Amino acid sequence: MLSLLALVILVATLTTIFYMQLSLTVGSVTFAVVWLLCGLLASWLYNPILLILLAGALVVLNHPGLRRKLISKPVYQTLGKMMPPIGDTEREAIEAGATWFEAELFSGKPDWDDFSKVNFTQLTEDEQSFLDNEVQELCEMLDEWKIYHEHKDLPEEVWDYLKTKGFFSLIIPKEYGGRDFSPYAQSRTMSKIATRSLTTAVTAMVPNSLGPGELLVKYGTEEQKQRWLPGLSSGEEIPCFGLTGPEAGSDAGAIPDKGVICKQTVDGEEVLGMRLNFAKRWITLAPIATVVGLAFKLYDPDHLLGDQDELGITCALLPADTEGVEIGRRHNPGGSPFMNGPINGKDVFVPLDAIIGGPEMAGKGWRMLIECLGAGRGVSLPALATASGEMGYRMTGAFSRIRRQFGTAVGHFEGVQEASAEVAGLAYTLEAYRHLVTRGLEEGTISVVTAMAKYHSTEMMRVLINNGMDIASGRAVQMGPRNFMALAYQSIPVAITVEGANILTRSLMIFGQGAMRCHPYLYDELQAIQDEDQERGLDTFEGLFFKHAGHTLGNMSRGLVHGLSGAALAEIPANADSFSAPWYRLITRYSAVLASFSDVAFALLGGDLKRREMVSARLGDVHSQLLIACAVLKFHATLPRDEANDAHARYALQHAFSQIHDAVEDFARNFGYMGVARILKGVFFPFGRPAGAQKPSDELIRTLGEQIMNPSSVRDALAANAYISVDPKDSIGRVEVTYNKLLEVERDYEAFLKADGKGKLEGETIQAKLEDAAAKGIIPNDQVQAILDYDEMRYDCLLTDAFDKELKEVDMNTQRPT
């Protein structure tokens, strides 16, 4: 028993040393002293062989020469043989942009003081005015059904309005005629438009995300800015950007399009320029673009610029009417009628000053693209997803209260509530996530966060809309101008596939970039390993390696302590309240787990981790969901502290943490290597899955299933900047006004239905029965007409469109059977 106690003390000492991150010297002395003291309890600890081994280990660790010879150098040489070299494009992708709080979550010990200082962005007076006026007026001009099925394009007056009112200039500085909006304001603008028309939102978002405007603002010469930005701001120039091609999509580094530096006589003068050959596909705004941005690989076989034959990926800007450019045809992207099409070019000659940033930026296009992809991934596509959440929440809640089956509103059935609660929780999550990601973008290009945002936002949108379709059922399936769900459903594949296909974003990008960008030591270690000067590389590696080892052991110790204590000792923000404190502790706990599992994966898999995509995807899921949980907690703190806010946040958090723990279990079960990950999972979770990581309970699901049908602070917050029609002939407005009417009469309407169901009322028509109910005191006299009006609205709200045999629209017969 005393021997067991001695072992427990030694393990506890080591855990404490690593947990507190004591220096090597202090930790060594502390452990040696405790060992000797424990020998009083267990005499076998004084065994000469054990003492010699202990002393030898401590000497090697603390003697620089021995440590280098026996540990650092062998590890350095071994890793040098195991690790694949980092290519130029991969290096540029890793080094592009900056990290933000996602790096803290990857560290195993988040700096909550830093996070406490993060405040969500507020709209400026100009930005709010634009939303309230120009965006509102634009939305009132739009009819998505007609855009899809009659115009197959935006009406001319809408195009003119977008151009003249500055919708294409949100990211352009004011000195060039732009609006210079914050990422949050851009997101708000796009999502409000999307609540009315996804086609118009996609049209407006492209010039404000990856494209000539952003590249010019960040990298263009002053001459290029003066040449193009005013025209882009005013709408005189319509931009597109050609990156994707038939054989290069998510793997943008593999683009086959070529530019060759050469000389050509132009107007009697010899001009140094580039001859371009390219074939681009799926380029939004290409059919109507006046200025084309292009990404291509640039070659200099005659060494007209320097000594290199291949300069690398380059970005250039050229007028769409340049000789040799073929443009104007359209694709049909999933039936959505936004302008999208191919661009081809054969022997297109442009001067070198067409390169964005000038000739000195030749070959630097990959870095430019990586940094600029953030806007599309972090602003535009999540804005579309958030808009789907806002409208999905409002329409699903309203319709499930209006639609009745078996004598009750369908929203009261638990099967429906399971789906409607997920709609509510995901809509809340999307709004929270939008706030945090756009706030992070103000700090710079955060490529890992924006990759997370693109993937998870669009996947949440897919689940949310699918649930809404299931609840609305046949009412949502039948296409027509009355349908409030189907066009959004039809657009889902576009969001899933653009700006990097979701499958590859999850399996390759999030953890692949995240690990290298966010780990405090890994990338620098790999750089040291691949240093051509081996002695210099070893010097750098040695310091990093032992810091890395301490980092790993510290995180494992934290994981053990948090597991045994239920995260009672986990760090949390100083301003955490009674609701958020337990969740912040859980984030800290899983942060240590993520960091530990990641280091185990690096150590055992090495370069094979790139090929073990399911393993890296699961670690990426943990990382992403931790950031989502942070967003939910920060958003929760901005809303009134009431039952609706707490319930939605609790559901969103349990949804996130249940996915985190599922990913942890899947990682541990599939990792291999003699079950090392299973053992670690047992250490980190000795009492099983934490309560906060359980899936939402049936009680919580029922709560949200009821709340989505009722007015609340959350319902108001999600609709605050959406376009909500109140036109009873509009697809959205019809449901909205019917729902509002139901709120007025529901109590008396339910009393009427209950009495009618029991056979207490006389009459052949609804009106006669209502009058009888009033005469018998079941409902007030002054409610007869109001209920009759509502019942007519309800019936009209449930009708689907009907067409003639050629699918031409015909007048609806709204006469109902008596």
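In the predicted model, Arg67, Arg68, Glu535, Asp539 and Glu542 are joined in a network of salt bridges. The structure as a whole contains 34 salt bridges. Three further pairs illustrate the settings in which such contacts occur. Arginine 188 pairs with glutamate 390, with 3.6 Å between the closest N and O atoms. Because arginine 188 belongs to helix H11 (residues 183-194) and glutamate 390 to helix H15, this salt bridge ties together parts of the chain that are 202 residues apart in sequence. Arginine 188 is classed as buried, at 4% relative accessibility, and glutamate 390 is likewise buried, at 3%.

The pair formed by arginine 611 and aspartate 608 has its closest N and O atoms 2.5 Å apart. Here arginine 611 is exposed, with a relative accessibility of 61%, while aspartate 608 is partly exposed, at 37%. A separation of 2.5 Å between the closest N and O atoms is also found for aspartate 666 and arginine 669. Both of these residues lie in helix H25 (residues 643-670), 3 residues apart, or about one turn of the helix. An α-helix has 3.6 residues a turn, so residues three or four places apart point the same way. Aspartate 666 is partly exposed, with a relative accessible area of 25%, and arginine 669 is also partly exposed, with a value of 46%.

The nonpolar interior was examined next. The largest nonpolar core comprises 225 residues, of which Met274, Tyr433, Leu436, Ile587, Tyr590, Leu626 and Phe657 touch the most other members. The greatest contribution to this core comes from helix H15 (residues 365-402), which supplies 17 residues. A second core, separate from this one, consists of 11 residues, among them Ala6, Ile17, Phe31 and Cys38. With residues up to four places away in sequence left out, tyrosine 433 is in contact with Val449, Met452, Ala453, His456, Ser457, Met460, Leu627, Ile628 and Ala631.

At the surface, Val29, Val33, Leu36, Leu37, Leu40 and Tyr46 make up a nonpolar patch of about 580 Å². Tyrosine 46 is located in the loop between helix H2 (24-38) and helix H3 (48-62). With a relative accessibility of 35%, tyrosine 46 is classed as partly exposed; this value lies over the 30% required of a residue that contributes to a patch.

The packing of helix H30 (residues 766-775) involves the buried residues Leu770, Asp772, Ala773 and Ala774. These buried residues of H30 pack against helix H29 (731-757) and helix H31 (784-798). Phenylalanine 752, a residue of helix H29, is buried, with a relative accessibility of 5%. The C-alpha atom of phenylalanine 752 is separated by 6.6 Å from that of alanine 773, although the two residues are 21 places apart along the chain. Excluding residues up to four places away in sequence, phenylalanine 752 touches Leu761, Ile766, Lys769, Leu770, Ala773, Ile778 and Ile779. Of these contacts of phenylalanine 752, Leu770 and Ala773 are among the buried residues of H30. Glycine 777, which follows H30, has a positive phi, near 75 degrees.

Serine 725 occupies the loop between helix H28 (713-719) and H29. This serine is buried, with a relative accessible area of 5%. A polar atom of the serine 725 side chain lies 3.1 Å from the backbone nitrogen of aspartate 727. The side chain of serine 725 additionally makes a polar contact, at 3.5 Å, with the side chain of aspartate 730. When residues up to four places away in sequence are not counted, the contacts of serine 725 are Arg196, Asp730, Ile732, Gly733 and Glu736. Aspartate 730 thus appears both in the contact list of serine 725 and as the partner in its side-chain polar contact.

How values were computed. Residues are numbered from 1 along each chain as its sequence is written. This is a predicted model: local features need pLDDT of at least 70, side-chain atom pairs count only at pLDDT 80 or more; totals for chains, interfaces and linings use all residues. Side-chain values use heavy atoms; hydrogens and water are left out. A nonpolar core is a set of buried Ala, Val, Leu, Ile, Met, Phe, Trp, Tyr and Cys residues joined through side-chain atoms within 4.5 Å. Buried means under 20% relative accessible area, exposed over 50%, partly exposed in between (1.4 Å probe, protein chains only). Helices (H or I, at least four residues) and strands (E, at least two) are DSSP runs, numbered from the N terminus. Contact means heavy atoms within 4.5 Å. Patches are made of residues with over 30% relative accessible area and no salt bridge: like charges are joined within 9 Å, nonpolar side chains (Val, Leu, Ile, Met, Phe, Trp, Tyr) within 5 Å. Accessible areas come from the Shrake-Rupley method with a 1.4 Å probe; for residues, only the protein chains shown count as cover. A salt bridge is a side-chain nitrogen of Lys or Arg within 4 Å of a carboxyl oxygen of Asp or Glu. A polar contact is a pair of N or O atoms within 3.5 Å; within protein, one must be able to donate a hydrogen and the other to accept it, and residues adjacent in sequence count only if both atoms are side-chain atoms.
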